[in-house]
Amino acid sequence: PDPPAMLSIEVLPRWLASLLGKGEKSEETSSMRGGEARNKRKIDDRGHQRRKTISNEIPQGLFSFFVPRGLFISYFFASAFVATTALIGLLTNLSAGIFLTWCAYESLKELRGDSWETWFELACMTCQCLGDILLIPYYYLCGEEKPSLRYISNEVNDRILARCPSLSSFHPTCWLQNPFIAWSVMLFREQFWSYTYKREFLTAPDGGKVALDWFSEEEEEEEENHDDDDDDEKKGPQPDLPEDAPIMLIVSTLAGGPMSYPNCKPLSFFAQKGYRSVCYVKRGCGIQRPNPYVTAKAWCLLDYEDLTMAIDHISKKYPKAKIFAIGLSTGGGQIRNYMSRMGGFTKIAAAVACDAGHAWDRCIVSLDRRLPVIAQCLARAVATNYIDFADRNPNHARNAGVDVKRLKSLKNMEDLVTTLMAPTNGYRGKSYEYLHLSCPADPASVATPLMNLFTLNDQIVSREELITDSKYPLCNPNIINVTTSRGTHVIRWEGFMAKRCWICQTSLEFFNAVLEEGRGEGKSKET
């Protein structure tokens, strides 16, 4: 633009701005921005007015419906959560109730589980153990039972049983209903059980040695070596007893010796009752104080020759005394076999066979199948002393046909028989024939009183063997069977502290009754 006629301080800046074209643009821009702002405010005012109009047009009830909808959804989910939690709690309580009922059922039923061959059987035995623990108060109050007696009724038998009050009831220790708990307590007690005895060795014709451990109240002396042909003027311990004092012979368990609790308990019990107590220890048996092997021949399952030699020696040593015997587990089968074979020539006045099976072949196969862990432990316990002998005399063991390497890694009882028992007793490679020939003789020939103690809760001896053993009284009036539903293998403890041995007390009453009675005949009776 043309310059103003007169430039002054007020005019000059505007003129320069117009000259550069900024003044108009700035004013134009400024006017545009102002228009946009005004238009925007008008639009906002119109929208606000429209919303206000719409809100005024909506009915009040419909407006109140939209407001609490969020609260309703929150209430729904909260209710669903509470219901789900309650359902889960109900199912949990129901499952716990079913599980506890199963445990109680397994514990209370008469024929309890005795196998873990399958997973279900293992679960049943686990529930049985838990049920035995949970029902301790019930067993304390209501655990008493009446043993089942099976015998041939006659006047003599009735008088004998009338003198045995312990046979009328059995109340096992309430917290030892489970066999595995009872065995654990038994092994624990063995660590603290101690008594003195005098050991006497007897030499068999083949050079092997069996031991007679005489109970003694004196300090333990050096072991006495004694051959059957030596002078028999030497008398055993307990010198205060008369020569005709009854003798109690304990025929030991599978691999046990005098310090094994099932053997040492009756040994000391009868010594306190006036009996001359002695424990028969097979060759190579005994865990704490073993009777070591001196020859490569292992003990036989029936052990007839060695046991006969020991009984003959005791009878010769105390000719005026009557000999009574208690056989526990394996020892029960051996003493029963001895009485069956000897018949009327037996030197045993009366005997008690506790938890003894009938046939070795069935017992071993059944135990390996039902309780493989227990079978392996028993097999390795039997093989321990022979392994020590084989390490000292490898040639003797090899010549006897024993595979020492396999003997050190036994898996079950059948392996023990195949590797050790059969070959050393003249049946190399014929283990099944050896087992079959190891069955006891016919019990019909038993000529003196014999009482068999059984329990349905045995675990070691199968139910099939118990059924077979139950038929003994039907063929012989001298046999009495006593069966309980509780207790376990070689254990019948009574009292809360398990201090009373029902086996010992019952056997004592039976032997004292037999001392006063003869035998008779009658008809079969079962109570």
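Which residue lies over the face of Trp299? In this predicted model, that residue is Lys282, at 4.9 Å from the ring centre. A similar arrangement involves Arg189, whose charged end sits over the ring of Trp493, 4.7 Å from its centre.

Rings also pair with one another, and the structure holds 20 aromatic pairs. In one of them, Trp214 and Tyr318 are tilted, with 55 degrees between the planes and 5.7 Å centre to centre. This pair links distant parts of the chain, since its members are 104 residues apart: Trp214 belongs to strand β3 (residues 209-216), and Tyr318 to the loop between α10 and β7 (323-328). Both residues are buried.

Helix α10 covers residues 304-317. A helix of 14 residues, at 1.5 Å a residue, should span 20 Å, and the end C-alpha atoms of α10 are 20 Å apart, so the expected span and the model agree. Buried residues of α10 include Leu307, Met309, Ile311 and Ile314, but also Asp306, His313 and Lys317.

In soluble globular proteins, nonpolar side chains tend to be buried together. Here the largest nonpolar core has 89 residues, and Tyr386, Leu416, Phe510 and Phe511 touch the most other members. Helix α13 (residues 372-392) gives the largest share of this core, nine residues. Another core, of 30 residues, lies apart from it and has Ala204, Leu307, Met339 and Ala351 among its members.

Phe510 and Phe511 also belong to a cluster linked by ring pairs, together with Phe269, Phe270, Tyr275 and Phe324. Beyond its neighbours within four places in sequence, Phe511 is in contact with residues including Met248, Ile326, Ala350 and Val352.

Methods: Residues are numbered from 1 along each chain as its sequence is written. This is a predicted model: local features need pLDDT of at least 70, side-chain atom pairs count only at pLDDT 80 or more; totals for chains, interfaces and linings use all residues. Side-chain values use heavy atoms; hydrogens and water are left out. Helices (H or I, at least four residues) and strands (E, at least two) are DSSP runs, numbered from the N terminus. The expected span of a helix is 1.5 Å times one less than its number of residues. Buried means under 20% relative accessible area, exposed over 50%, partly exposed in between (1.4 Å probe, protein chains only). Rings of Phe, Tyr and Trp (its six-membered ring) pair if their centres lie within 6.5 Å; planes under 30 degrees apart count as stacked, over 60 as edge-to-face and the rest as tilted. A charge sits over a ring if NZ of Lys or CZ of Arg is within 6 Å of the ring centre and within 35 degrees of the ring normal. A nonpolar core is a set of buried Ala, Val, Leu, Ile, Met, Phe, Trp, Tyr and Cys residues joined through side-chain atoms within 4.5 Å. Contact means heavy atoms within 4.5 Å.
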